[in-house]
Amino acid sequence: SVPLVAAACRFVEAVVSGIHEHLPQVEASSRVSAALRPEDCPSSAEAQREVAILMVRFDSAAPLVGEIGTRSRVPLSVRVQGDLRFAISLPHAQSQSALELRVDGLEMPVLEDAETARVRLKQDLGQSLNPMSAYAWWEQHRHKDFPLQHSKFHRVVESLLEQKGMKMMGTKICADSFWGYLHTTDLSVEVFEFHLDDRTRTGVAMTARMRAPKSPAESDDRAKVKDITRKMLKNNRASADKLCPSAISVGAMLAGPEVGQPGACPHVVAKLFTAARWWGRGEDAWHRHDESWLCTDKKDWLGRMVEEQGRLIWRLAEAAWSPTHATRNTVPATSPSPNGLLPILKSPSGFGLPWGSGDQPPVEQSPPAPPNHRVKKGMFARLSRRAFPRLSKQRRSTGDIQRASDSSAEASKYSMGDKQAVAPASAKQDPQQQIHPRSSRRSLWTRRATALAGLRRSRKLQGFWKR
C-alpha cells in the first residue's frame, strides 16, 4: 500500500539525512538495491521477502551518537556504528495489511544513569523495592547522587514530573512513571511494522519487534517494562499524549496492540528520529544546564504550533562541538560530563544556539527584571472585560480591577488633602470661609471609609476571577 511505503521511507529519510546534516565531515557511501542478494540478507527466508535494500556506510572510527531532546522525555539515545542497513519486506501471508522495515546497525541504548539508579535501588531497598519506595528513595538521593548539571536521566525524569498536569495526578502516577523510567532497557529493534489502522489520525500505525534479549536480567527487565507500559496505555494514554507524546508513542509501538490499542503514529516516531534545527539552554532553574532544552517546536501565545522540527542531535562520540558548527576552527571550552551525552559548555557558542559567531551573548547575564503584576493578560482578563465592560476601561488604565467609584473616591481623597494644605493660607485672608476642623475631619474619614469599602469589593472581585 502506498501509505505504508511512504511512512517507511519517511522514517529512513529522517535517520539518514539527519546524520548528514549534523555531521557533514563524516563521509558516507550508500547503495540502493532492488534485487535479492544473499550477501545482503541475514537468511534465505528473509531474502525471499525483501524487495528494496538501502546500505549506508559511514567512514568514522568513532560511533555516531544522537541525543534525544530532554523535553521528548525518552530515556534513550541513538547510536550508529559501522554499516546502517534498511530493507523493506513484503508482509507475511497472514498479515496482508502490514509492511515490514528491517533495520540493522541502529541501536537505542538506555541512558547510563538509569542503569546506575536501578542497581543502587536493588542494593539499598532489596525485597522492599516497589514503585512507591523507589520514588521515595529517588526524591531523597536524586540531587546528591544524580546532579542535574551532569545527569541526563535526572533531567528527563524531572522534565516530566515537574509539569503541572503530572502534579495534579498525584504521587501514585508520578511513582509509576518513575518506575517505568527506572526499568527502561536498551531498545534493540529488529523490525518496524507499518499497519493500516483507521483508529489513528493518519490511517497508519507503527509497531516494533525486538531482538532476543542478551541476558536473563534483560529479559526480566523487558517483562517489567512491558507490564508498566500496558498499565500506562490502559489508564493514561489520553493524558500521556499531551504530556509526553514521544514517550507514549514508543510505548504504544511496543505494546499497543497487546492492550487493544493502535500502535504509534509514524509521524511522531519519524519526528523523534529527525535531526533538530535549533537547540540550546533554558533560562531558569535547572533548564540552564540542559543544552537540548530548547529542542522543541515553536508555538505562538495560544499554544498553536508555528514551526515544527526534529528531536535528535547527532555528534561523534569523541567530539565536543556542535554538529552544525563542526566546520569552525575554534572549539569551545567544555567541562567533562560523564553521565550526560552532551558536555556542559563554558560558552554557549558551538551547540546550535540561534546567535552567530560574532554576536554571542555574555555567559553571565544580569538577573531578569521582576514581572509586572499590574498587567493582567490571559483568558480570565478577557472574560472579565466581557463580563464587566465598565470595569474593563478602569482596569486597562490602572492595571488592576477597581470600580469607578473607587477611583473617584481616591481622587476626592487626594483633593481633600490638597484643600487641607491650602486651607491655612485661605483662612488668613477670609476667616468666614474657613472650614471647621471637626467637619473637615469627619468628611475626610467618610471619604476614606468609602474608598476602603470599594477597595475591599474590588479585592473580592479579583479573588473571584482568580478562582
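In the predicted model, the secondary structure of the protein chain comprises 14 helices and 12 strands. Of the 467 residues in the chain, 46% are buried, and the accessible surface amounts to about 25,700 Å², with carbon and sulfur atoms contributing 54% of that area. Among contacts in the chain whose partners have a separation of 6 or more, 66% join residues 24 or more positions apart.

Two helix pairs were examined for their packing geometry. Helix H3, spanning residues 112-125, and helix H4, spanning residues 131-145, have axes that come within 11 Å and cross at roughly 120°. Because angles from 65 to 115 degrees count as roughly perpendicular and those over 145 as roughly antiparallel, this crossing places H3 oblique to H4. The crossing of H3 with H4 is right-handed. On the H3 side, the contact is formed by Arg120, Leu121, Asp124 and Leu125, while H4 contributes Ser133, Ala134, Trp137, His141 and Asp145. Sorted by class, the residues in the contact of H3 with H4 comprise 4 nonpolar, 2 polar and 3 charged.

The second pair consists of helix H8 (residues 216-243) and helix H9 (residues 245-255), whose axes lie 9 Å apart and which pack at an angle of about 140°. This angle makes H8 oblique to H9, and the crossing of these two helices is left-handed. From H8, the residues Lys226, Thr229, Arg230, Leu233, Arg237, Ala240, Asp241, Lys242 and Leu243 take part in the contact, and they meet Pro245, Ile248, Gly251, Ala252, Leu254 and Ala255 of H9. The contact of H8 with H9 divides by class into 8 nonpolar, 2 polar and 5 charged residues.

Among the strands, E2 and E4 provide two positions for which local surroundings were computed. Ala52 belongs to strand E2, which covers residues 50-59, and its relative accessibility of 31% means that Ala52 counts as partly exposed, since the buried class requires a value under 20% and the exposed class one over 50%. When residues up to four places away in sequence are not counted, Ala52 touches Ser33, Phe86, Ala87 and Ile88. The C-alpha atom of Ala52 is separated by 9.7 Å from that of Leu101, a residue 49 positions away along the chain. Arg85, in turn, is located in strand E4, which covers residues 77-89, and Arg85 counts as buried because its relative accessibility is 6%. Between the C-alpha atoms of Arg85 and Ile53 the separation is 7.3 Å, although these residues are 32 positions apart along the chain.

Backbone conformation was considered at two loop positions. Most residues other than glycine have a negative phi. Arg73, which is not a glycine, nevertheless has a positive phi of about 60°. The residue Arg73 lies in the loop between strand E3 (64-68) and strand E4, and with a relative accessibility of 9% Arg73 counts as buried. A positive phi, of about 50°, is also found at Ala285, again a residue that is not a glycine. Ala285 is placed in the loop between helix H10 (266-272) and strand E8 (298-299), where a relative accessibility of 46% means that Ala285 counts as partly exposed.

Notes. Residues numbered from 1 in each chain as written. Predicted model: local features only at pLDDT ≥ 70, side-chain atom pairs only at ≥ 80, totals over all residues. Heavy atoms only, no water. Axes fitted to C-alpha atoms, helices over the stretch in contact; angles between N-to-C directions. Helix = DSSP H or I, 4+ residues; strand = E, 2+ residues; numbered from the N terminus. Parallel < 35°, antiparallel > 145°, perpendicular 65-115°, else oblique. Left-handed = near helix turned anticlockwise from the far one by under 90°. Contact = heavy atoms within 4.5 Å. Nonpolar A, V, L, I, M, F, W, Y, C, P; charged D, E, K, R; others polar. Buried < 20%, exposed > 50% of the residue type's maximum accessible area, 1.4 Å probe, protein only. Areas by Shrake-Rupley, 256 points an atom, 1.4 Å probe, with all protein chains shown as cover.
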